[in-house]
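The following report walks through the side-chain interactions and packing of one protein chain. Please keep the sequence and the structure in view while reading.

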Amino acid sequence: MTQPKQKQTGRKAAAPPRAWQRMLSGRRLDLLDPSPLDVEIDDIAHGLARVARWNGQTMGDHAFTVAEHCVLVDDICARFRPGWPAKWRLAALLHDAPEYVIGDMISPFKAALGIDYKAFEHRLAAAIHVRFGLPPELPQSVEELVKRADHASAFFEATQIAGFSDEEAARLFGRPRGLTPIRIEPLPTKKAQTRFLARFEELAGA
């Protein structure tokens with residue numbers, strides 16, 4: 001007995017949603033499977049200089065950008081570890097580089113999104129590391145120092161431009177130890193971008 005033919009609907013299967021982003025360099029970065037070959041430092045600098053820390057809730061005429069924050073974290077690492085190898089300072093400079101694609105999500109929102117977001121961020125960070133000659137997974141000691149510097153930067157930013165009290169910032173981020181206060185000065189976009197690129201060239205060429 002022959003089986004009845006399936007009725008033809010004339011509809012084509014829906015195409016999968018686009019998972020790549022076109023960069024100004026012309027690269028198409030696959031967000032689900034990022035390749036180091038599609039990562040360019042000019043794209044990173046351009047993006048980070050246009051992403052505001054603290055969701056833009058900061059004082060002053062300009063946002064405090066992720067590009068500036070990354071330079072500050074590198075500065076703080078150098079203060080914590082004078083003579084730290086340039087490659088690890090480069091890792092510090094690039095610690096938030098994935099945000100050129102995904103933006104700067106505040107920590108409470110990252111926690112709400114859960115592990116899938118962290119896995120996505122991790123894959124992109126690994127591709128960026130490989131592109132610039134760093135290991136996909138940084139040594140734990142490097143990760144810990146960068147995190148310490150990141151928290152110190154957050155404390156200075158929070159108390160100077162984000163409206164946090166000293167006590168509140170100390171409770172959330174820890175009070176920096178062994179550092180003199182660092183003045184936070186939000187820069188115009190182009191200056192932030194130029195400063196980030198200059199620091200990259202200095203460290204990458206060391």
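Does Glu202 count as buried, partly exposed or exposed, and at what relative accessibility? Glu202 counts as partly exposed, because its relative accessibility is 47%. The model discussed here is a predicted one.

## A salt-bridge network around Arg199

The structure holds nine salt bridges, and some of them are joined to one another: Asp74, Asp75, Arg89, Arg199 and Glu202 are linked in a network. Within this network, the side chains of Asp74 and Arg199 meet with a distance of 2.6 Å from N to O. Asp74 belongs to helix α2 and Arg199 to helix α9, so this pair ties together parts of the chain that are 125 residues apart in sequence. Asp74 counts as buried, at 0% relative accessibility, and Arg199 is likewise classed as buried, at 14%.

Arg199 also forms a salt bridge with Asp75, where the closest N and O atoms are 2.8 Å apart. Here too the partners lie in helices α2 and α9, so the bridge ties together parts that are 124 residues apart in sequence. Asp75, at 27% relative accessibility, counts as partly exposed. With Glu202, the closest N and O atoms of the salt bridge to Arg199 are 3.7 Å apart; Glu202 and Arg199 both lie in helix α9, three residues apart, which is about one turn of the helix.

## Helix α3 and its surroundings

Another member of the network, Arg89, is among the buried residues of helix α3, together with Trp88, Leu90, Ala91, Ala92 and Leu93. The helix, which spans residues 86–93, is mostly covered, with six of its eight residues buried. These buried residues pack against α2, α7 and α9, the last of which covers residues 189–204.

## The nonpolar core

In soluble globular proteins, nonpolar side chains tend to be buried together. In this model the largest nonpolar core has 58 residues, and those with the most contacts inside it are Ile44, Leu94, Tyr100, Ile128, Phe132 and Phe196. At least two residues of this core come from each of the helices α1, α2, α3, α4 (99–102), α6 (115–131), α7, α8 and α9.

Phe132 offers a view of the packing at one position of this core: leaving aside neighbours within four places in sequence, Phe132 is in contact with Val39, Glu40, Ile41, Ile44, Leu90, Leu94 and Phe200.

## Aromatic pairs and charges over rings

The structure holds five aromatic pairs. In one of them, the rings of Trp54 and Phe164 have their centres 5.4 Å apart and their planes at 55°, so the pair is tilted. This pair links distant parts of the chain, since Trp54 lies in the loop between α1 and α2 (66–80) and Phe164 in the loop between α7 (140–160) and α8 (166–173), 110 residues apart. Trp54 counts as buried at 16% relative accessibility, whereas Phe164 is partly exposed, with a relative accessible area of 21%. Another pair consists of Phe155 and Phe156, whose ring centres are 5.9 Å apart and whose planes stand at 75°, so the arrangement is edge-to-face. Phe155 counts as buried at 6% relative accessibility, and Phe156 is also buried, at 6%. Trp54 and Phe164 also belong, with Phe173, to one aromatic cluster.

Two arginines are placed over aromatic rings: Arg28 lies over the face of Trp20, at 4.2 Å from the ring centre, and Arg148 lies over the face of Phe80, at 3.7 Å from the ring centre.

## Two aspartates in the loop before α1

Asp38 is located in the loop between β2 (28–30) and α1 (41–48). Asp38 is buried and yet has no salt bridge, the nearest side chain of opposite charge being that of Arg27, 4.0 Å away. Not counting residues up to four places away in sequence, Asp38 touches Arg27, Arg28 and Leu29.

Asp33 is found in the loop between β2 and α1 as well, but Asp33 counts as exposed, at 57% relative accessibility. Although Asp33 and Leu124 are 91 residues apart along the chain, their C-alpha atoms are separated by 8.1 Å.

Definitions and conventions: Residues are numbered from 1 along each chain as its sequence is written. This is a predicted model: local features need pLDDT of at least 70, side-chain atom pairs count only at pLDDT 80 or more; totals for chains, interfaces and linings use all residues. Side-chain values use heavy atoms; hydrogens and water are left out. Helices (H or I, at least four residues) and strands (E, at least two) are DSSP runs, numbered from the N terminus. Buried means under 20% relative accessible area, exposed over 50%, partly exposed in between (1.4 Å probe, protein chains only). Lys and Arg count as positive and Asp and Glu as negative; His and the chain ends are not counted. Contact means heavy atoms within 4.5 Å. Rings of Phe, Tyr and Trp (its six-membered ring) pair if their centres lie within 6.5 Å; planes under 30 degrees apart count as stacked, over 60 as edge-to-face and the rest as tilted. A charge sits over a ring if NZ of Lys or CZ of Arg is within 6 Å of the ring centre and within 35 degrees of the ring normal. A nonpolar core is a set of buried Ala, Val, Leu, Ile, Met, Phe, Trp, Tyr and Cys residues joined through side-chain atoms within 4.5 Å.
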